[in-house]
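Dear colleague,

I am handing over the structure we spoke about, and the sequence and coordinates are shown just below. After them I set out what was found, beginning with the charged side chains and ending with the whole chain.

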Amino acid sequence: MTRKTADCRKYPSESHCTLTITGEEDEVLRAATEHAVSVHQHEDSPELREQIRGMLEDAPQGT
């Protein structure tokens, strides 16, 4: 299974967040959603999860 990455540095924010999350897709989606809610004050919703899922990238080999 291809590991996925969510990288806050690729998306502008007022907090200039530098968090990168790498793991299996479901793990990254869950952690990125929790991060978006707790740090960036987004509302947890199916729409947010789909937006995050669409932003996930394949992780480089070996990470």
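**Salt bridges and overall build**

The side chains of D7 and R9 meet in a salt bridge, with 2.7 Å from N to O. Please keep in mind throughout that this is a predicted model. The two partners differ in their surroundings, because D7 counts as buried at 12% relative accessibility, whereas R9, with a relative accessible area of 55%, is exposed.

A salt bridge also joins K10 to E57, where the closest N and O atoms are 2.6 Å apart. K10 lies in the loop between β1 (4-7) and β2 (20-23), while E57 belongs to strand β3 (residues 57-58), so this pair ties together parts that are 47 residues apart in sequence. As for accessibility, K10 is partly exposed at 46%, and E57 is likewise partly exposed, with a value of 35%.

R49 and D44 form another salt bridge, their closest N and O atoms being 2.9 Å apart. R49 has a relative accessibility of 30% and therefore counts as partly exposed, and D44, with a relative accessible area of 40%, is also partly exposed. In addition, E25, E50 and R53 are linked in a network of salt bridges. The count of salt bridges in the protein comes to six.

Turning to charge as a whole, the protein has 7 positive and 13 negative side chains, and the centres of these two sets lie 5 Å apart.

Which residues does T33 touch, once those up to four places away in sequence are not counted? They are D44, L48, R49 and I52, so that two of the names, R49 and D44, are already familiar from the salt bridge described above. T33 is found in helix α1 (residues 25-38), and its relative accessibility of 1% is under the 20% limit, which means that T33 counts as buried.

L48, one of the residues that T33 touches, has its place in helix α2 (residues 46-55). L48 too is buried, at 8% relative accessibility. Leaving aside the neighbours within four places in sequence, L48 is in contact with T33, A36, V37, H42 and E43. For one of these contacts, A36, the C-alpha atoms of L48 and A36 are separated by 8.8 Å, the two residues being 12 residues apart along the chain.

At the level of the fold, the secondary structure comes to two helices and three strands, and from the N terminus on the elements run in the order β-β-α-α-β. The radius of gyration is 11 Å, close to the 11 Å that the globule rule gives for 63 residues, so the protein is as compact as a globular protein of that length. Along its principal axes, the C-alpha trace spans about 30 × 25 × 15 Å.

Two further values describe how the chain is packed and one its surface. Buried residues make up 30% of the 63 residues in the protein, and of the contacts with a separation of 6 or more, 41% are accounted for by residues 24 or more positions apart. The protein exposes about 4,600 Å², of which carbon and sulfur atoms supply 49%.

With best regards

Key. Residues numbered from 1 in each chain as written. Predicted model: local features only at pLDDT ≥ 70, side-chain atom pairs only at ≥ 80, totals over all residues. Heavy atoms only, no water. Helix = DSSP H or I, 4+ residues; strand = E, 2+ residues; numbered from the N terminus. Rg over C-alpha atoms; globule rule 2.2 N^0.38 Å. Buried < 20%, exposed > 50% of the residue type's maximum accessible area, 1.4 Å probe, protein only. Contact = heavy atoms within 4.5 Å. Areas by Shrake-Rupley, 256 points an atom, 1.4 Å probe, with all protein chains shown as cover. Lys, Arg positive; Asp, Glu negative; His and termini not counted. Charge placed at Lys NZ, Arg CZ, Asp CG, Glu CD. Salt bridge = Lys/Arg side-chain N within 4 Å of Asp/Glu carboxyl O.
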